[in-house]
Amino acid sequence: MKSKIATLFAFVLFIACSKKDNQPATNPPVVTPPVTVTPIIPLPAGWKMATPFMTGFPAGIQLFSFDSIFNAQRIKAYCLAYDSRNTLFEFKPVVAASAKTPSQFFAEEPGLTLACINGGYFSGNQSFSLVKYNNIVSSPNIKSVTRLFNGNNTAYYPTRGAFGISSTGSPSVSWVYSLGAGNDLIYSYPAPSPNALNTAPQPQPTETFPAGGSIWNTAAAIGGSPVLIKNNNIQITDGEELIAINNTTSRPRSAIGYTGNGIILILAVEGDNAPNYPGINLADLAALLKTLGCNEALNLDGGGSTSLVVNNSKTVRPGDNGTERAVVSAVLIKRK
């Protein structure tokens with residue numbers, strides 16, 4: 001009897017093991033490889049994709065971050081890049097009746113807004129820099145400034161820098177001056193009017209002075225100062241533009257430019273955040289833009305005004321003790 005039970009038990013065990021051995025193998029879990037996104041510009045050493053800010057971003061626009069040593073100084077910066085000829089995106093300079101922060105410009109803009117950076121110079125609620133959108137000039141670049149000459153307050157007429165985009169999406173940086181009472185006729189010049197401190201002022205710009213001027217063919221534009229890069233060469237014309245903005249000291253900076261193949265670069269550098277991030281001077285700002293491939297670039301208002309908002313989040317820490325400054329003009333990048 002015991003042998004029969006033992007035999008039966010062995011048979012059952014054999015059948016169970018056979019069934020187990022014959023079961024199909026469990027397939028390993030499918031691992032989906034991460035999607036590799038190719039940067040739309042060649043990234044120099046230290047730059048990387050700022051993925052946390054890009055949730056829901058459409059293809060064709062990217063944000064990059066830098067937190068490393070540049071020219072022997074630690075720099076923290078963010079750079080937004082997109083193709084100016086991509087008709088999915090809109091470049092929209094705006095001016096407010098009363099100053100507000102870039103975050104407020106971003107939040108109050110209807111439609112799908114992707115980014116906002118502070119614009120040009122101002123005092124109180126008065127813009128001193130060009131703002132043009134849909135071929136309408138809502139603010140010209142400042143047309144005259146007062147400087148001492150021979151001990152007297154004297155009017156000078158600088159041709160200050162501006163960045164613009166034509167109706168077909170072609171970007172340009174130039175020295176410009178608004179002619180006429182309406183300021184809608186903007187002339188561009190191949191070189192700035194050669195003003196300089198402690199010398200007699202140059203004549204007020206016209207169609208023929210400075211030489212080589214022509215109507216600036218832009219549908220949208222933002223003014224600033226000074227020009228940083230022109231014709232693929234670093235050319236900082238703060239002297240001719242009569243702009244003194246702590247040019248040789250480390251400060252927060254904002255800038256805009258474009259590469260040889262039409263990629264717009266919008267750059268913000270954190271500053272006034274010692275000891276980690278003091279900021280950058282104009283010469284190093286131009287050099288940093290050049291490493292990113294900029295052919296032409298313009299300095300925007302900086303210092304405490306510098307703020308780049310992407311996807312409704314601030315990137316650099318604002319220079320006013322971390323608090324965004326209210327500004328009068330800004331540049332919005334939108335999805336059409």
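The legends below describe four close-up views of a predicted model.

**View 1. Helix 3 and its burial.** Helix 3 spans residues 282–291, and because 7 of its 10 residues are buried, this helix is largely enclosed by the rest of the structure. The buried residues are L282, D284, L285, A286, A287, L288 and L289.

**View 2. The two ends of helix 3.** At the N-terminal end, N281 acts as a cap, with a side-chain oxygen placed 3.2 Å from the backbone nitrogen of A283. Beyond the helix comes G293, a residue whose phi is positive, near 100°.

**View 3. Two cis peptide bonds, each leading into a proline.** Most peptide bonds are trans. In this model, however, the bond that joins F209 and P210 is cis, with an omega of about -10°, and P210 belongs to the loop between strand 14 (185–189) and strand 15 (214–215). A cis bond also joins A274 and P275, where omega is about 0°, and P275 sits in the loop that runs between strand 20 (263–269) and helix 3.

**View 4. Two asparagines with positive phi.** Most residues other than glycine have a negative phi. N183, which is not a glycine, nevertheless has a positive phi near 65°, and this residue lies in the loop between strand 13 (171–179) and strand 14. With a relative accessible area of 15%, N183 falls under the 20% cut-off and is therefore buried. N246 likewise has a positive phi, of about 55°, and is found in the loop between strand 18 (233–234) and strand 19 (253–259). N246 is partly exposed, since its relative accessible area is 44%.

Methods: Residues are numbered from 1 along each chain as its sequence is written. This is a predicted model: local features need pLDDT of at least 70, side-chain atom pairs count only at pLDDT 80 or more; totals for chains, interfaces and linings use all residues. Side-chain values use heavy atoms; hydrogens and water are left out. Buried means under 20% relative accessible area, exposed over 50%, partly exposed in between (1.4 Å probe, protein chains only). Helices (H or I, at least four residues) and strands (E, at least two) are DSSP runs, numbered from the N terminus. A polar contact is a pair of N or O atoms within 3.5 Å; within protein, one must be able to donate a hydrogen and the other to accept it, and residues adjacent in sequence count only if both atoms are side-chain atoms.
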